[in-house]
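Reader: I am a first-year student, and I should like a close look at a single part of this protein. Please explain how its nonpolar core is put together, and define each term as you go.

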Amino acid sequence: MSAGTEGERPVVVVGVDGSAASKDALRWAANYALLSGGTLRAIAAWQWPVSMVVDLAIPEHFDPMGETQASLEAVVTDVLGPSPAIPVTTLVGCGAAALVLLEHARGAALLVVGSRGQGGFSGLLLGSTSEHCARHAPCPVVVVRHQKSADSPAEG
């Protein structure tokens, strides 16, 4: 098996966090995978908030991996429909989004990420998953920039 393929099919990895930008990236990645005869891996990440207090009581049935997986599957179904034209795998990783995506991009033919277009000072303060992936990915990266339309609601 060569790098970036599963059998003979190229693997396209896409980051999905439920934002409009990640939905745009998911659509783009699915179209690319379809045109290239590839498979799609939709990846979501979660991590404990930095401000979590060690002795905070956590509900017994709290399942952040399961909740993230369910959210990811719902977004994929919403964007691609219940029966996509390509093979789609959904995976969840624990950690910072950029690091989880880079881990899953090992051996992939392409990594696709969305960009909310938050540049300038805000971008410096918040960090940029797409920029980190573009600089450090082990494969080519496509950054799909979300274009807000005049009639689309603002994202927070």
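Author: The following answer begins with the whole chain, turns to the core and its helices, and ends with some single residues.

This is a predicted model, in which local features need pLDDT of at least 70 and side-chain atom pairs count only at pLDDT 80 or more, while totals for chains, interfaces and linings use all residues. Residues are numbered from 1 along each chain as its sequence is written, and side-chain values use heavy atoms, with hydrogens and water left out.

The protein has five helices and six strands; these are DSSP runs, helices being H or I of at least four residues and strands E of at least two, numbered from the N terminus. Their order from the N terminus is β-β-α-β-α-β-α-β-α-α-β. Of the 156 residues, 35% are buried, where buried means under 20% relative accessible area, exposed over 50%, and partly exposed in between, with a 1.4 Å probe and protein chains only. Contact means heavy atoms within 4.5 Å. Among contacts between residues at least 6 apart in sequence, 76% join residues at least 24 apart.

A nonpolar core is a set of buried Ala, Val, Leu, Ile, Met, Phe, Trp, Tyr and Cys residues joined through side-chain atoms within 4.5 Å. In soluble globular proteins, nonpolar side chains tend to be buried together. The largest nonpolar core here has 21 residues, of which Val12, Val14, Val16, Leu26, Leu40, Leu72 and Val112 touch the most other members. The elements giving two or more residues to this core are β2 (9-15), α1 (20-36), β3 (39-46), α2 (64-80) and β5. The most come from α1, which gives five residues. Apart from this core lies another, of 13 residues, including Val13, Ile43, Ala105 and Cys139.

Leu26 shows how the larger set is joined: leaving aside neighbours within four places in sequence, Leu26 is in contact with Val14, Val16, Leu40, Val75, Val76, Val79 and Leu80. The axes of α1 and α2 come within 10 Å and cross at roughly 60 degrees. Such axes are lines fitted to C-alpha atoms, for helices over the stretch in contact, and angles run from 0 to 180 degrees between N-to-C directions. On the α1 side, the contact is made by Lys23, Leu26, Arg27 and Ala30, and on the α2 side by Val75, Val76, Asp78, Val79 and Leu80.

Helix α3 (residues 97-105) has the buried residues Ala98, Val100, Leu101, Leu102, His104 and Ala105. These buried residues of α3 pack against β2, β3, β4 (88-94), β5 and α5 (129-136). Just after α3, Gly107 takes a positive phi of about 85 degrees. Thr129 lies in helix α5 and counts as partly exposed because its relative accessibility is 34%. Apart from residues up to four places away in sequence, Thr129 touches Ala97, Ala98 and Leu101.

Ser115 has its place in strand β5 (residues 110-115), and counts as buried because its relative accessibility is 13%. Beyond neighbours within four places in sequence, Ser115 is in contact with Ala21, Ser130, Val143, Val144, Arg145 and His146.

Finally, the structure holds zero disulfides, a disulfide being a pair of cysteine sulfur atoms within 2.5 Å. Cys133 counts as buried because its relative accessibility is 0%. The sulfur of Cys133 does not form such a bond because the closest cysteine sulfur, in Cys139, is 9.1 Å away, which is too far.
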